[in-house]
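Here's a walk through a two-chain model, written for someone who is just starting out with structures. Keep the picture open while you read.

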Amino acid sequence: MADPVEGGGLSFKPLDQFEVKRLFGEGPIEWYTITNVTMWMALAVLSIVLLLVMGTRKRAVVPGRTQSIAETLYGFVYTMVEDVTGKDGIKYFPYIFTLFIFILFSNFLGLLPMSFTTTSHIAVTAILAFAVFITVTVLGFVKNGASFLSLFWVSSAPLALRPILAVIEVISYFVRPVSHSIRLAGNLMAGHAVLKVFAGFAQVGLIIAPVAILGVVAIYALEVLVSAIQAYVFTILTCVYLKDALHPHH
Amino acid sequence: MADTPVEAGAEASGAGMPQLDFSTFPNQIFWLLVTLVVIYLILSRVALPRIASVLAERQGTITNDIAAAEELKMRAQEAEAAYDKALIDARAEAAKIVADTKAEIQAELDVEMQKADAEIAAKTAESEKAIAEIQDGATEAVKTVAKDAAKEIVAAMGGKADARTITAAINARMKG
């Protein structure tokens, strides 16, 4: 049992799962190449259609299980948007729900063994975060004009401190998309890598293997939690940024 | 041991973390945008309006049901009030009827009593008169019998009785 360790054959490849691969044939990965990214994103779309479209097909006044889940998700995000951004944020609900449902399903699909987690890639989360950042910034200026800049001018602080605070506010504003994207990708990547490391240890010996498997189970449970929480965090931060754009005055 | 995973991973992916392999970025970004647009279209065209309408319909149903229940409750309360009122009215009516009947009976009774009293009085007076007549008759008869008897007795004793004297004597006796 201990042979692989001594022989150096114990393979820890916790990052292999994040590799982007061609699904068909050989060659470089062009922008249009069908890869595992394509497949798992398509599966996310499929799952979303199954839950939100097929699940609500009956339009039952007394909902079945699937319809209940769809309605709960809808209500959850709708309430969040309404509570955080106010009534005038409701019209952005479809966009926010799109983000939420995509991240939620990508996270959960990534938890399937042998799967690929699209949201563990900074390329994906950065696009999501920058889309939110640019939209919110443009929206802020369109809705409020130059008075959107009052977001950085903390009028409740003493006058002397305001320029310093403004600098800090501006920096924190531009750090938003970075933290927004890295938080999501980092959480998922770290979780999945740890899971893989524990799984690697499961090859080792009689004593370590059961502990490693217990570890896998525990980390997996944690990852289920993290998947939901990160989708929630990303969404509620989007709502908060949107609120800043709609009501920039402190 | 601690170095092994990192090294193995690094070797496997060639250039460290696959996340930082920029050659795959265009691919990921392209498919992400496609996915987001598809999800957005499906949600905004089909799923969200449908769920919203289902929720609105349910809300409507619930509101209607509550309104209907409230109306029924109100009607029940009205019916109860009407019932109570009817009960009170009926009680009052009954009490009135009882009182009226009592008064009527009393009045009738009074009239009957008076009539009976008057009748009794009349009968009494009549009876008294009759008794007086009988008494008078009896006195007369006694007088006549006494007169005759006295006349006979006087005649039997050989005397000739003067009728006026006898009558006077009898009258004096009768009074005594």
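Start with residues 122-142 of chain A: this span is 100% helix and 0% strand, and its end C-alpha atoms lie 29 Å apart. Helices and strands here are DSSP runs (H or I over at least four residues for a helix, E over at least two for a strand), numbered from the N terminus. Before going further, note that this is a predicted model, in which local features need pLDDT of at least 70 and side-chain atom pairs count only at pLDDT 80 or more, while totals for chains, interfaces and linings use all residues. Residues are numbered from 1 along each chain as its sequence is written, and chains are lettered from A and ligands numbered from 1 in the order in which they are written.

**Stretches marked in UniProt**

That opening span is one of several in chain A that an unreviewed UniProt entry labels "transmembrane region"; the full set is 31-53, 92-110, 122-142, 148-175, 195-218 and 224-242. For chain B, an unreviewed entry puts the feature "transmembrane region" at residues 29-48. UniProt positions are in the numbering used here, feature names are shortened, and annotations may be inferred rather than shown by experiment. Here's how three of the spans look in the model:

| Span | Helix | Strand | End C-alpha atoms apart |
|---|---|---|---|
| Residues 122-142 of chain A | 100% | 0% | 29 Å |
| Residues 148-175 of chain A | 50% | 0% | 18 Å |
| Residues 29-48 of chain B | 100% | 0% | 26 Å |

**Chain A as a whole**

Chain A has seven helices and zero strands. Its C-alpha trace spans about 70 × 55 × 40 Å along its principal axes. Of the 250 residues in chain A, 36% are buried. A residue counts as buried if 20 or more other C-beta atoms lie within 10 Å of its own, exposed if 12 or fewer do, and partly exposed in between, with C-beta atoms placed from the backbone.

Two residues are in contact if their C-beta atoms, placed from the backbone, lie within 7 Å. Among the contacts in chain A with a separation of 6 or more, 66% join residues 24 or more positions apart.

**Helix 2 and helix 3**

Does the length of a helix fit its residue count, or what span should we expect? The expected span is 1.5 Å times one less than the number of residues. For helix 2 of chain A, with 19 residues, that gives 27 Å, and the 25 Å between its end C-alpha atoms agrees. Helix 3 of chain A has 21 residues and should span 30 Å, and its end C-alpha atoms are 30 Å apart, which agrees too.

Now look at what is tucked away. In helix 2 of chain A, the buried residues are Val37(A), Thr38(A), Trp40(A), Met41(A), Ala44(A), Ile48(A) and Leu52(A). Their cover includes helix 3 and helix 4 of chain A, along with helix 2 (25-156) of chain B. In helix 3 of chain A, the buried residues are Gln67(A), Ala70(A), Glu71(A), Tyr74(A), Val77(A), Met80(A), Val81(A) and Thr85(A). Here the cover includes helix 2, helix 4 and helix 7 of chain A, plus helix 2 of chain B. An α-helix has 3.6 residues a turn, so residues three or four places apart point the same way.

Helix 3 of chain A also packs with helix 7 (residues 208-246) of chain A at an angle of about 35°, their axes 9 Å apart. Axes are lines fitted to C-alpha atoms, for helices over the stretch in contact, and angles run from 0 to 180 degrees between N-to-C directions. On the helix 3 side, the contact is made by Val77(A), Met80(A), Val81(A), Val84(A) and Thr85(A), while helix 7 brings residues including Thr235(A), Ile236(A) and Lys243(A). By class, this contact has nine nonpolar, two polar and one charged residues. Nonpolar means Ala, Val, Leu, Ile, Met, Phe, Trp, Tyr, Cys and Pro, charged means Asp, Glu, Lys and Arg, and the others, Gly among them, are polar. Helix 3 of chain A is followed by Gly86(A), which has a positive phi near 90°.

**Out in the loops**

Lys58(A) and Arg59(A) share a loop: Lys58(A) lies between helix 2 and helix 3 of chain A, and Arg59(A) is found there as well. Lys58(A) is exposed because 12 other C-beta atoms lie within 10 Å. Apart from neighbours within four places in sequence, Lys58(A) is in contact with Gly64(A) and Gln67(A). Arg59(A) has 12 C-beta neighbours inside 10 Å, so it counts as exposed. Arg59(A) isn't a glycine, yet it has a positive phi of about 50°.

Met114(A) sits in the loop between helix 4 and helix 5 of chain A. Met114(A) also has a positive phi without being glycine, near 70°. Met114(A) is exposed, with 5 other C-beta atoms within 10 Å.

**Where the chains meet**

How many residues does each chain put into the contact between chain A and chain B? Chain A gives 44 and chain B gives 37. On the side of chain A that touches chain B, helix 2 (36-54), helix 3 (65-85), helix 4 (93-110), helix 5 (122-144) and helix 6 (162-201) each supply at least two residues. Helix 2 of chain A gives the most, with nine residues. By class, that side of chain A divides into 30 nonpolar, eight polar and six charged residues.
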